[in-house]
Amino acid sequence: IMLENMGKYQAVKDSALAGKVTSAVASSALAGKITSTFQVFVLSRDDIHQIVTNVSEVIHAFDLVVLFTFGWMFVPAMGVVYTVLNEGKGKIKRVASRTELKKNTSAVDEQDEIDCSYESSYIYQFAVHVSQMAKLALLVYLCDIVVVALATIGYKAEEWGNVSNLFAKVLYTSWIAARIQSFKTHFLSRFLRKCPEECDKVLMVNRILDLTVLALLVVKIMGYFAMETGVALGSIAAFGTTSTLMISFASQELAKGVANGIEMAASDRFFEGDNVHFGDGTQGYIVKLGFLRTKVRKYDGAVLDVPNTQLGGQRLINVSKTKTCQVLTKIRFSYDDIQRIPDALEICKDEIKKACPKLIIDGKPFRAKISSFETQFVEVTFNTNFSLPPTGEGFWANRQEVFLAIDRGVKKAGLNYARPFDPAQK
C-alpha cells in the first residue's frame, strides 16, 4: 500500500512540474517562439496550390491591363495625339491683352514667346497625374495579393483585415500632399517671376505652407491608423506619467520655437542675407532663417547658431533696410587759425558736394561747425548724411571720399591741423 501511495504521489508531482514547465514556455519572450514563427513560411505543395488558387480569385487580367496601360502607355499616347493636333507649333508669340492695348504699351515683344511643346501643356500634366495614380493603384493591387497570400498560410490572419485599406489611404494621401506641394511651388515660382523683389516673402510663405501640409499629413495618417487598427495617438504616447511629462515639456519648447520662427519670418523684420544688430549685442548677417534656429554670420566670419526663442521679441536694427547713412567726424585746428576756420569749413563743404553725389542736403543735417574749445586745440565737427545703406563697399568708398574732400578744403584754405598732444597734459 505504501509503495502504491508513493507511486501516486510521484505521478502527481511529475504532472504539476510538467504543467509549470509548459506555463513557463508559454510565457517566455523568445524561447521556443522563433522556430514556430518561421515554420509558418515553410510551405508545402498544398499550401502553394492554395495560395495560387486564392490569389487567382482576386486577380483579374483586365484590371492589370488597364493599370499597366494608364501607368506606362497613357503619357506617350497622349503625346502622339497632342503632336498630331498641334503639328508645326513649337513656340508661338503671345497675343497682347486688352489691358496692355489700353495702356498703349508694346503688344508683343519679339522675345516674348510661349512654349507650345507637349511637356509644357496642361494635357501633359493631366496625363502624368493619371499615370501616377495608375502606378499607385498597381502598388495597392500588389499589397492585396500579399495580404491574401499571408492570410492563406494562416500567418496572423485576423490582423490582416484592414492592412490593404490602410496602405491605400496612406499611399494616396501622401501622393496628394506631394501634388499640393508641387502646385504650391509652381504658383509661387510664377509669382516670383512677376515680382522678383518679393523673393524673401515668397520663401517665408513657402516654408509656412510646407510645415502646414506636413502637419496635416501626419494628423491624417494618424487618424487612419486609429480608424483601421484602433491604435490612437494618445495610446502611442502614453508611456507613463514621467514620459508623458517629458513629451509635454518637449512639445511646448518645440511649439514655442516654431511659433517664434514663424513670427520672425512673417513680421518682415529681416530675411536671409540681411545685416542685423540685435538688442543683446548679436550682430552679423542672417545666413539661414529656420523654424527652430537661426544662423548668424558675425563680422569676423564665425557662424552663430541661435535658438529662435532667444531672438523673438528682441529689439532689432536691420542695417540692410536702412536707406541712409551718416558720416560724422571731428577735426582739430590751432587757436592761431580760429578766425579763418568758418571760411575754411565752407570750402570743405563745397568739396564734399562735388565729391559725393549721394549727399543729402534737404531733410538731413549737413553741418560743419566749431563744436568745442579744448585746452590745446579747437575742435570742429562735420555731420553729413547720404542716401546710401550704412554697410557695404559703397558706404566705405563714400566715407573715404568725404575725408579726402575735407582734406582738400583744408589745404585750399591754407590751414594746418593741430599737432598731436599728450592726453595727460590736457
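This text walks through the fold of one protein, from its overall make-up to its sheets, a long helix and its cysteines.

The model is predicted. The protein has 426 residues, and 26% of them count as buried. Its secondary structure comprises 13 helices and 10 strands. About 28,300 Å² of surface is exposed, and carbon and sulfur atoms supply 62% of that area. Contacts reach along the chain as well. Among those with a separation of 6 or more, 65% join residues 24 or more positions apart.

Start with the sheet around strand S10. Three strands form an open sheet here, in the order S8-S10-S9, with antiparallel pairing. S8 and S9 are the edge strands, and each pairs on one side only. On average, neighbouring strands of this sheet are turned by 25 degrees against each other, direction ignored. Two helices pack on this sheet. Helix H12 (residues 341-355) touches S8, S9 and S10, and its direction makes about 25 degrees with that of S10. Helix H13 (residues 393-413) touches S8 and S10, and its direction makes about 30 degrees with that of S8.

Now take S10 itself, residues 378-386. How many of its residues are buried? The count is 9 of the 9, so the strand is largely enclosed by the rest of the structure. In a regular strand, side chains alternate between the two faces of the sheet. Both faces of S10 are covered. One side carries Val378, Val380, Phe382, Thr384 and Phe386. The other carries Glu379, Thr381, Asn383 and Asn385. The residues on both sides are all buried, the polar-looking names included in that list as much as the rest.

The pairing around S10 can be followed residue by residue. Strand S8 (residues 325-333) meets S10 in the antiparallel sense over 9 bridges. Within this pair, Cys325 has Phe386 as its bridge partner. On the other flank, strand S9 (residues 367-373) is joined to S10 by 6 bridges, and the two run antiparallel. S9 and S10 form a hairpin with 4 residues between them. Phe373 stands opposite Val378 of S10. Lys369 stands opposite Thr381, also in S10.

A second sheet has five strands. It is open, its order is S6-S5-S4-S3-S7, and the pairing is antiparallel. Its edges are strand S6 (303-307) and strand S7 (316-318), each pairing on one side only. The twist averages 40 degrees from one strand to the next. Inside this sheet, 3 bridges join strand S3 (residues 275-278) to strand S4 (residues 283-289), in antiparallel fashion. There, His277 stands opposite Gln283 in S4.

Helix H7 spans residues 163-194, which makes 32 residues. From first C-alpha to last it reaches 47 Å, close to the 46 Å expected at 1.5 Å a residue. Parts of H7 are buried, including Leu166, Leu171, Trp175, Lys184 and Leu188.

Finally, the cysteines. A disulfide is a covalent bond between the sulfur atoms of two cysteines. A search of the whole structure finds 0 of them. Why is Cys325 not bonded to Cys356? The sulfur of Cys356 is the closest cysteine sulfur to that of Cys325, but it lies 9.7 Å away, too far for a bond. The cut-off for a disulfide is 2.5 Å between the sulfur atoms. Cys325 counts as buried because its relative accessibility is 4%. Cys143 counts as buried too, at 14% relative accessibility. Both values fall under the 20% limit for buried residues.

Technical notes: Residues are numbered from 1 along each chain as its sequence is written. This is a predicted model: local features need pLDDT of at least 70, side-chain atom pairs count only at pLDDT 80 or more; totals for chains, interfaces and linings use all residues. Side-chain values use heavy atoms; hydrogens and water are left out. Buried means under 20% relative accessible area, exposed over 50%, partly exposed in between (1.4 Å probe, protein chains only). Two strands pair if DSSP finds at least two bridges between them. Axes are lines fitted to C-alpha atoms, for helices over the stretch in contact, and angles run from 0 to 180 degrees between N-to-C directions. The expected span of a helix is 1.5 Å times one less than its number of residues. Contact means heavy atoms within 4.5 Å. Accessible areas come from the Shrake-Rupley method with a 1.4 Å probe; for residues, only the protein chains shown count as cover.
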